[in-house]
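Me: I've never read a protein structure before. Could you walk me through one, step by step?

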Amino acid sequence: YYLGRPSPEAPELTVNIDLTVNAKSHVGLVHDIQEDRFAIVDAGEGERFLIVCDGMGGMGKGDQASTLSIESLTETLMGTLDDKKDEPLKMLRDAIQETDVKVRQVLCDSAEGMPGSTTVIVYVVHGLAYVAWVGDSRAYLVRDNKVVERTRDHKLIEDLIEAGQLTRQEAQSSALAHVVTRALGGRGVAEPPVRAATLHHPWA
């Protein structure tokens, strides 16, 4: 999709645009259970939340973690929208932290494993898209059939590549390729809330 950019000569200008959203999910070729969830939430005139959560199958109950994550994120974002919409990135980070705590309280306080989910959220408002995420669920900005920018995965191999300890080619066959370093849930109740990443600037 394309979002119109406000004029640089009029930074206070707000733009309401028609936004078409298409969403589809597939169970994939590895797992028998669908662990992906998504939500398209109308937040008012010219405002939408686009949310994807991907359950971490190796942790067990990934479908439950992604379902609970979608429900919690939607409820939290809509419940705090009026109070926090002037600070969109903080609103997204806070919702992710609250959801992380909830997932751990509900699903990770037992001997049955540590379910978790990744997430990526796009908050579209007045022609701008604010992005926040944890894990390896991605958002891409596509213009003129080219990927202009994308979010950076929270994965161990990404940290190793950034530190110069692994090349991008070596990472493709690494046994560490599946290791996610941040998630909703996936750890004990006593652990501190996850730190969400956000883009420093919205996409226009």
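Here we go from the whole chain down to single residues.

Me: What should I know before I start?

Reply: This is a predicted model, where local features need pLDDT of at least 70, side-chain atom pairs count only at pLDDT 80 or more, and totals for chains, interfaces and linings use all residues. Residues are numbered from 1 along each chain as its sequence is written, and side-chain values use heavy atoms, with hydrogens and water left out.

Me: Okay, how many helices and strands does the chain have?

Reply: First the idea: helices (H or I, at least four residues) and strands (E, at least two) are DSSP runs, numbered from the N terminus. Here you get four helices and eight strands. Walk along the sequence and the pattern reads β-β-α-α-β-β-β-β-α-α-β-β.

Me: And how compact is the chain for a protein of its length?

Reply: For that you use the radius of gyration, taken over C-alpha atoms, and set it beside the globule rule, which is 2.2 Å times the number of residues to the power 0.38. The chain comes out at 18 Å, close to the 17 Å that the rule gives for 204 residues, so it is as compact as a globular protein of that length. If you'd rather picture a box, the C-alpha atoms fill one of roughly 55 × 40 × 30 Å along the principal axes.

Me: What share of the residues counts as buried?

Reply: Buried means under 20% relative accessible area, exposed over 50%, and partly exposed in between (1.4 Å probe, protein chains only). In this chain, 42% of the 204 residues are buried.

Me: What about the surface: how much area does the chain expose?

Reply: Accessible areas come from the Shrake-Rupley method with a 1.4 Å probe, and for residues only the protein chains shown count as cover. The chain exposes about 11,500 Å², with carbon and sulfur atoms supplying 50% of it.

Me: How do I read contacts?

Reply: A contact means heavy atoms within 4.5 Å. Among the chain's contacts with a separation of 6 or more, 60% come from residues 24 or more positions apart.

Me: Let's zoom in. What span should helix α2 have?

Reply: The expected span of a helix is 1.5 Å times one less than its number of residues. Helix α2 covers residues 88–107, and its 20 residues should span 28 Å; the end C-alpha atoms are 28 Å apart, which agrees. Its buried residues include L89, L92, I96 and V103. The buried residues of α2 pack against β2 (47–55), α1 (62–84), β3 (116–125), β4 (128–134), β7 (184–185) and β8 (197–198).

Me: Now a residue in a strand. Is I121 buried or exposed?

Reply: I121 sits in strand β3 and counts as buried, at 0% relative accessibility. Leaving aside neighbours within four places in sequence, I121 is in contact with F49, L50, I51, L73, L77, L92, I96, Y130, V131 and A132. L92 and I96 are among the buried residues of α2, so you can trace one link between strand and helix here.

Me: Which residues does G55 touch?

Reply: Not counting residues up to four places away in sequence, G55 touches E35, G62, S66, G116 and S117. G55 lies in strand β2 and is buried, with a relative accessible area of 7%. You can also compare sequence with space: G55 and A65 are ten residues apart in sequence and 5.9 Å apart C-alpha to C-alpha.

Me: Where is Y140?

Reply: Y140 belongs to strand β5. At 41% relative accessibility, Y140 counts as partly exposed. Beyond residues up to four places away in sequence, Y140 touches V147, E149, R150 and W203.

Me: Where does D144 lie?

Reply: D144 is in the loop between β5 (140–143) and β6 (146–150), and N145 lies in the loop between β5 and β6 too. For a backbone angle, look at phi: D144 has a positive value of about 50 degrees although it is not a glycine. Phi of N145 is near 65 degrees, again positive in a residue other than glycine. D144 is exposed at 73% relative accessible area, and N145 is exposed at 81%.

Me: How far from N145 is H178?

Reply: Their C-alpha atoms are separated by 29 Å, with their positions 33 residues apart along the chain. Put plainly, H178 and N145 are 33 residues apart along the chain. H178 is found in the loop between α4 (168–172) and β7, and at 61% relative accessibility H178 counts as exposed.
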